[in-house]
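This report introduces one structure to a reader who has not met it before. The account begins with an annotated position and then turns to the surroundings of a ligand.

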Amino acid sequence: MTLAELLPSVGACGEPPLEKHLWPASTRLLPQGDLEVGGQALTSLAGHFGTPLQLLDETEVRHRARAFRQALPEAEVVFAGKSLPCRSVFRWLADEELSLDVCSAGELAAARTAGIPAARILMHGNVKTDEDLEAALSYGVGRIVLDSFDEMDQLAGTAQPVLIRVTPGIDAHTHPAVTTGVDGQKFGFPLDTVPDAARQTAANGLRLVGLHCHLGSQITRVSVYEDAVRRLIGLGLPIEQLDLGGGFAAPYCVGDQPFDLTGFANRIRAALAHECTRQRIPLPRLVIEPGRAIVANAGVTLYRVIAVKPGFVAVDGGMSDNPRPALYGARYTARLVGRHTRAPRHAVTVVGRHCEAGDILAQDVPLPDDVHAGDLLAVPVTGAYHHALASNYNLVGRPPVVGVRDGVAQLLVRRETEEDLLRRDLIPA
Ligand SMILES: Cc1ncc(COP(=O)(O)O)c(C=O)c1O
Ligand SMILES: N[C@@H](CCCC[NH3+])C(=O)O
């Protein structure tokens with residue numbers, strides 16, 4: 001990467017280069033400043049479907065799923081459904097022979113009605129209500145990941161195959177809100193309680209198939225997963241499966257590196273073989289649960305500029321379609337699409353339409369000085385935890401999700417209408 005690409009191009013003129021590692025591989029620069037993703041021009045998609053609009057490149061999703069399977073052919077790859085709970089996506093990933101994890105009766109309903117076989121579904125969650133567990137048991141999900149002694153009581157006598165979620169006491173050095181492997185947070189069984197938990201699964205008639213941990217999200221260091229292998233296998237329990245969860249980082253901005261998947265595969269394979277030999281236990285099957293690393297960089301959101309003030313470009317979406325900057329201080333880039341300009345570029349803040357000063361979509365983005373109402377902006381890396389976290393704040397309808405592939409665009413999730421927004425508000429007589 002050149003220095004010019006690393007710097008925020010302040011004061012530069014002309015079209016900025018495309019930060020290729022952030023966008024779907026199908027992204028092309030077109031004449032007149034337009035961009036194409038999945039064979040579709042972004043200006044036409046915005047014209048046809050309206051804005052804000054979430055695009056998803058199907059080929060990119062499938063390609064990333066295959067990359068996980070190729071890096072670890074011996075492992076089971078489970079898509080973390082919470083990152084993009086959309087039935088078409090569940091189907092694409094089932095086609096690619098991934099399993100699926102769900103966290104609620106609602107996510108399970110999406111999986112079930114998409115036709116995902118029960119045997120390939122895992123259910124997670126630190127709280128599983130009776131409704132969640134009844135849905136899981138009646139569909140017959142392959143595995144439930146136990147998170148508490150109370151959950152064993154909820155499941156007692158069902159003979160359900162389970163994994164025990166372990167809190168390994170490992171800091172993955174990511175945002176505190178998504179750091180889930182350390183002691184003193186709500187998920188899992190502390191390491192020293194796992195032998196007792198394993199005994200109680202048997203006493204409750206459950207079938208223990210393995211151990212699970214999930215260290216957090218947007219993790220860049222492979223070493224934390226190696227630590228997890230050491231700690232979980234170090235318990236010395238013979239298990240069929242070792243599930244290391246997800247968390248593999250996606251690049252969001254210029255300078256962010258993609259996760260080292262090959263390094264991960266080689267180092268985890270070696271650590272697992274080494275620890276199993278040391279503990280004299282058979283090698284379990286490795287399970288991993290990527291969410292973000294499969295879908296984040298396959299997504300692009302299109303916004304229409306509505307107003308410009310010094311230092312600020314305000315668009316027709318905001319924290320209702322992307323609360324990640326407000327929740328985690330997440331950083332994004334944005335790009336003017338659909339016209340050429342030679343105006344110098346200066347850093348501005350792209351803000352949303354909601355009634356909060358913290359409603360920011362992208363900070364310090366070098367946009368041309370002549371950006372104006374009616375312009376189209378594209379924000380890449382919006383495939384993970386955008387559709388999933390979207391809300392109706394200020395009673396704004398959530399945007400549609402449109403899949404693109406080989407020049408064809410398909411509505412996967414339709415835009416929310418005023419009728420949708422008012423449906424639950426009953427006004428008693
Ligand atoms: C249990 C579990 N598995 C997998 C994931 C997927 O994480 P990511 O999308 O960061 O890969 C999550 C979310 O962090 C999770 O809680
Ligand atoms: N919602 C988080 C990720 C949570 C991971 C789920 N365990 C994000 O958008 O980054």
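In an unreviewed entry, UniProt assigns the feature "active site" to C355. The model discussed here is predicted, and the annotation comes from the record. C355 sits in the loop that joins β17 (345-351) to β18 (360-368). C355 counts as exposed because 10 other C-beta atoms lie within 10 Å of its own, and a residue is exposed when that number is 12 or fewer.

The two strands on either side of this loop are themselves paired. β17 and β18 run in the antiparallel sense and share 6 bridges, and V351 is placed opposite I360 of β18. β17 also pairs with strand β15 (residues 312-315), here in the parallel sense and over 3 bridges. In that pairing, F312 has T349 of β17 as its bridge partner.

A second annotation concerns binding. For "binding site", again from an unreviewed entry, UniProt names G247, E289, P290, G291, R292 and Y385. Two of these names, G291 and R292, also appear among the closest residues to ligand 1, together with A80, S217 and G246. In total, 16 residues surround ligand 1. By class, this shell consists of 5 nonpolar, 8 polar and 3 charged residues.

G291 and Y385, both listed by UniProt under "binding site", can be described further. G291 lies in the loop between β13 (285-288) and α11 (292-295). Y385 is located in the loop between β19 (376-380) and β20 (401-405). Each is buried because at least 20 other C-beta atoms lie within 10 Å of its own: the number is 25 for G291 and 26 for Y385.

The table sets these values beside that of C355.

| Residue | Other C-beta atoms within 10 Å | Class |
|---|---|---|
| C355 | 10 within 10 Å | exposed |
| G291 | 25 within 10 Å | buried |
| Y385 | 26 within 10 Å | buried |

The contacts of the two buried residues complete the description. Residues up to four places away in sequence being set aside, G291 touches F79, A80, K82, S83, G246 and A384. Among these partners, A80 and G246 belong to the closest residues around ligand 1. With neighbours within four places in sequence likewise left out, Y385 is in contact with S83, R292 and R324. S83 is thus a contact of G291 and also of Y385. R292, a contact of Y385, is itself named by UniProt under "binding site".

Key. Residues are numbered from 1 along each chain as its sequence is written. Chains are lettered from A and ligands numbered from 1 in the order in which they are written. This is a predicted model: local features need pLDDT of at least 70, side-chain atom pairs count only at pLDDT 80 or more; totals for chains, interfaces and linings use all residues. A residue is near a molecule or strand if its C-beta atom, placed from the backbone, lies within 6 Å of it. Ala, Val, Leu, Ile, Met, Phe, Trp, Tyr, Cys and Pro count as nonpolar, Asp, Glu, Lys and Arg as charged, and the others, Gly among them, as polar. UniProt positions are given in the numbering used here, feature names are shortened, and annotations may be inferred rather than shown by experiment. Helices (H or I, at least four residues) and strands (E, at least two) are DSSP runs, numbered from the N terminus. Two strands pair if DSSP finds at least two bridges between them. Two residues are in contact if their C-beta atoms, placed from the backbone, lie within 7 Å.
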